[in-house]
Amino acid sequence: MTAPQELRTARLVLRSLEREDIPTIVRLAGASEIAATTLNIPHPYAEDDAQFFLAKAGEDFRAGRSASFAVSLWPGRELCGAVGLSIAEAHRRAELGYWVGVPFWSKGFATEAAGAAVAFGFETLRLRRIYAHHFAGNTASQRVLEKIGMRHEGRSRQHIRKWDRFIDLETYGLLAEEFRNEESARGGE
């Protein structure tokens, strides 16, 4: 188990990742476009990588360090990506991470899944802050984070190394009171 419960949105079910998901994870996460925009997804991506990902996600969930969800289309349960919160309980904060397979890009699924994960973090886990990073130049992730209400907090220059290149990292964050205010402004949708 990697998640405490299922979350539903208009078009998605966020559920625990399962061993049966491994072939689809390998196929979707194995795309070079996914690895190019994420820090922890290697390329090529093999079955061993997916098995390690599931084992680590399960271990971190049991230890209270994360909640990782498979992003599945509704109706049905076709896997299209993953979303999760890496939790720092002592600080009541979490880092949001997500990826969506290339065939599912530009359909709003990342925004829908990320929004549901953020709502879960604030409403169920009672976090005070949720933050996320994206590589500089990744405008798709920038739009996702802005659409879910996160604010740009700064750029860390040459902060990470990916494929022998140093890349700037953009940081976004959202506080619990900002989330509640936005929810109130939308009428609690």
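**Exercise 1. Classify D60, then find the partner of its side chain.**

At 11% relative accessibility, D60 counts as buried, because buried means under 20% relative accessible area, exposed over 50% and partly exposed in between (1.4 Å probe, protein chains only). The model is predicted: local features need pLDDT of at least 70, side-chain atom pairs count only at pLDDT 80 or more, and totals for chains, interfaces and linings use all residues. Residues are numbered from 1 along each chain as its sequence is written, and side-chain values use heavy atoms, leaving out hydrogens and water.

Next, the partner. D60 forms a salt bridge with K56, with the closest N and O atoms 3.0 Å apart. A salt bridge here is a side-chain nitrogen of Lys or Arg within 4 Å of a carboxyl oxygen of Asp or Glu. K56 is partly exposed, at 36% relative accessibility.

Last, the spacing. K56 and D60 are 4 residues apart in helix α3, so about one helical turn separates them. Helices (H or I, at least four residues) and strands (E, at least two) are DSSP runs, numbered from the N terminus.

**Exercise 2. Trace the salt bridges of E6.**

Start with R8. The closest N and O atoms of E6 and R8 are 3.5 Å apart, in a salt bridge. E6 is partly exposed, at 37% relative accessible area. R8 is also partly exposed, at 49%.

Now R77. Its side chain meets that of E6 in a salt bridge (3.0 Å, N to O). E6 lies in the segment before β1 (7–8) and R77 in the loop between β3 and β4, so the pair ties together parts 71 residues apart in sequence. R77 is partly exposed, at 39% relative accessibility.

The structure holds 15 salt bridges.

**Exercise 3. Check the length of α4 and its burial.**

First, the span. The expected value is 1.5 Å times one less than the number of residues. For the 15 residues of α4 (residues 109–123) that gives 21 Å, and the end C-alpha atoms are 21 Å apart, which agrees.

Then the burial. In α4, 12 of the 15 residues are buried. Among them are F109, E112, V118, F120 and F122.

**Exercise 4. Locate the backbone exceptions.**

Take the cis peptide bonds. One joins H43 and P44, with omega about 0°. P44 sits in the loop between α2 (32–36) and α3 (47–62). Another runs from W74 to P75, with omega near 0°. P75 lies in the loop between β3 (66–73) and β4 (79–88).

Turn to positive phi. R92 is not a glycine, yet its phi is about 50°. R92 lies in the loop between β4 and β5 (93–100). R126, not a glycine either, has a phi of about 60°. Its place is in the loop between α4 and β6 (129–135). R126 is exposed, at 53% relative accessible area.
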